[in-house]
Amino acid sequence: MENKNFRFETEAIHSGYLSDEHQGSLVPPLYQTSTFTFASAEQGERRFAGQEEGFIYSRLGNPTVKILEDRMAKLEQGEAGLAFSSGMAAVSAVLTALTKTGDRILCSQGLYGCTYGLLQLLKDKYDIAHDFSLMSSKEILEEEIRPNTACIYIETPINPTMKLVDLELVASIANQRGIPVVVDNTFCSPYLQTPISLGCDVVIHSATKYICGHGDVIAGIVVGKSDFIQQVSRTTQKDIGGTISPFDAWLLLRGIKTLPVRMDRHCENASKLVEFLCNHPKVEKLYFPGNSDYVDDNKIMQKQMKKPGGLISFSIKGSKQTAQLFMNHLKLIKIAVSLGDAETLIQHPATMTHAVVPVEERRKMGIEDTLLRLSVGLEAWEDIQEDLEQALEKI
Ligand SMILES: Cc1ncc(COP(=O)(O)O)c(C=O)c1O
């Protein structure tokens, strides 16, 4: 295939793979093997010494996984990619690669619950502290970056409050100080947002979500500069070992082919449901990029996101029990954590994804007891709306 840059939709199907190199197989083959044989003892020695390219052992690299890594690097506009056995394996490999005892991590004011849990672990066991910041202006950022801030870690939209962080602003300030900016891009996928093109350094995905799209894989991806990816590959990934299985990589390659088509439909469905939920008398507040009360988020969205995405958070009038009652009345929509699947999923962050966050911290992050997060699926939006409607009627 000609070596040119194609549009996103085309790269999602073709990049990182040349069928000529694989017996003409249209679809990337699944190299379901733990190890690779060497032609001689000397070849094994050369491969271990890095003097000869080639695969050694699937924890250190695998051809099916490599196609996935190259494809994701292309889509995220980065130099190289690295795949992991889960999103959390990716997050922990990156954060441990970037920090040492005595450092601090500056984080967005709200993070996925297990990322919060990991930060606590780093603090308690290794004296790597963290600070939360709104990151809403140059002045705030300059004040909150400390001499020992080793990296900046951002979710945007933030899980589950959908608050946005201006990536260009953060990157411009961090770049001047040589502080790497890491972005968890799980909620957007590279189809909606490419943080590296805005000056950020590292992108992380829970590939379990939109990248997979079919709810049948747990996986993670990191994209960044080649040197950094090589460093993570040879240290925190190799020795801690959160390696993806070749079969899961193969499933992700299959999922990525339809990422743009799926994302368009997720976004279209979500916009329809936002209209409905916004006007419903039993809905207290609705959080959705481009439709939120957050000052400046509209501008940020226009600047860095192609579309607002497929996730909607909203709070129900009443109490935690009212929110739970509403969930229990849903018929089509499934009560489950995770997101980005074909099925519409609903979860209660305060008692599910963010249950590990202490209640005071949770409140600071804006996670009330009546808040629900809806991952809008690919079903007919009218059916999802009718299900929401009948359950709202019952509370
Ligand atoms: C924003 C975000 N980052 C990271 C993760 C962790 O990913 P995984 O569950 O694949 O380990 C999740 C999981 O829900 C998430 O929502």
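How many nonpolar, polar and charged residues are in the shell around the ligand? I went through this predicted model to find out. By class, I get three nonpolar, six polar and three charged residues in that shell.

**Ligand site**

I listed the residues around the ligand next. They are Ser 86, Gly 87, Met 88, Tyr 112, Glu 155, Asn 159, Asp 184, Thr 186, Ser 206, Thr 208, Lys 209 and Ala 219. Then I looked up some polar pairs. A polar atom in the side chain of Asp 184 is 2.6 Å from a ligand nitrogen. For Thr 208, a side-chain N or O atom sits 2.6 Å from an oxygen of the ligand. With Gly 87 the partner is a polar backbone atom, 2.9 Å from a ligand oxygen. I also checked how covered the ligand is: alone it exposes 390 Å², and the protein buries 91% of that.

**Ser 338**

I wanted to place this one. Ser 338 is in the loop between strand 10 (334-335) and strand 11 (345-347). Beyond four places in sequence, its contacts are Thr 208, Lys 209, Leu 345, Arg 373 and Ser 375. Thr 208 and Lys 209 are also on my list of residues around the ligand. From Ser 338 to Ser 206 the C-alpha distance is 9.7 Å, with their positions 132 residues apart along the chain.

**Cores**

The largest nonpolar core has 75 residues, and Leu 68, Leu 95, Ile 105, Tyr 153 and Leu 252 have the most contacts inside it. Helix 4 (residues 87-98) gives this core its largest share, eight residues. I followed Leu 252 further: leaving out neighbours within four places in sequence, it touches Leu 68, Ala 207, Ile 211, Cys 212, Val 217, Ala 219 and Ile 244. Of these, Ala 219 turned up around the ligand too. I also found a second, separate core of 24 residues, with Val 274, Val 283, Phe 326 and Leu 388 among them.

**Backbone oddities**

Where are the cis peptide bonds I noted? One joins Thr 156 and Pro 157, with omega about -5 degrees. Another runs from Asn 159 to Pro 160, omega near 0 degrees. Pro 157 lies in the loop between strand 4 (149-155) and helix 7 (167-177), and Pro 160 is in the loop between strand 4 and helix 7 as well. Asn 159 is one of the residues around the ligand.

I noted two positive phi values as well. Gln 77, between helix 3 (63-75) and strand 1 (80-84) in a loop, has phi near 60 degrees. Asp 127 has phi near 55 degrees and sits in the loop between helix 5 (113-126) and strand 3 (129-133). I wrote these down because most residues other than glycine have a negative phi, and most peptide bonds are trans.

Note on methods. Residues are numbered from 1 along each chain as its sequence is written. This is a predicted model: local features need pLDDT of at least 70, side-chain atom pairs count only at pLDDT 80 or more; totals for chains, interfaces and linings use all residues. Side-chain values use heavy atoms; hydrogens and water are left out. A residue is near a molecule or strand if one of its heavy atoms lies within 4 Å of it. A polar contact is a pair of N or O atoms within 3.5 Å; within protein, one must be able to donate a hydrogen and the other to accept it, and residues adjacent in sequence count only if both atoms are side-chain atoms. Accessible areas come from the Shrake-Rupley method with a 1.4 Å probe; for residues, only the protein chains shown count as cover. Ala, Val, Leu, Ile, Met, Phe, Trp, Tyr, Cys and Pro count as nonpolar, Asp, Glu, Lys and Arg as charged, and the others, Gly among them, as polar. A nonpolar core is a set of buried Ala, Val, Leu, Ile, Met, Phe, Trp, Tyr and Cys residues joined through side-chain atoms within 4.5 Å. Buried means under 20% relative accessible area, exposed over 50%, partly exposed in between (1.4 Å probe, protein chains only). Helices (H or I, at least four residues) and strands (E, at least two) are DSSP runs, numbered from the N terminus. Contact means heavy atoms within 4.5 Å.
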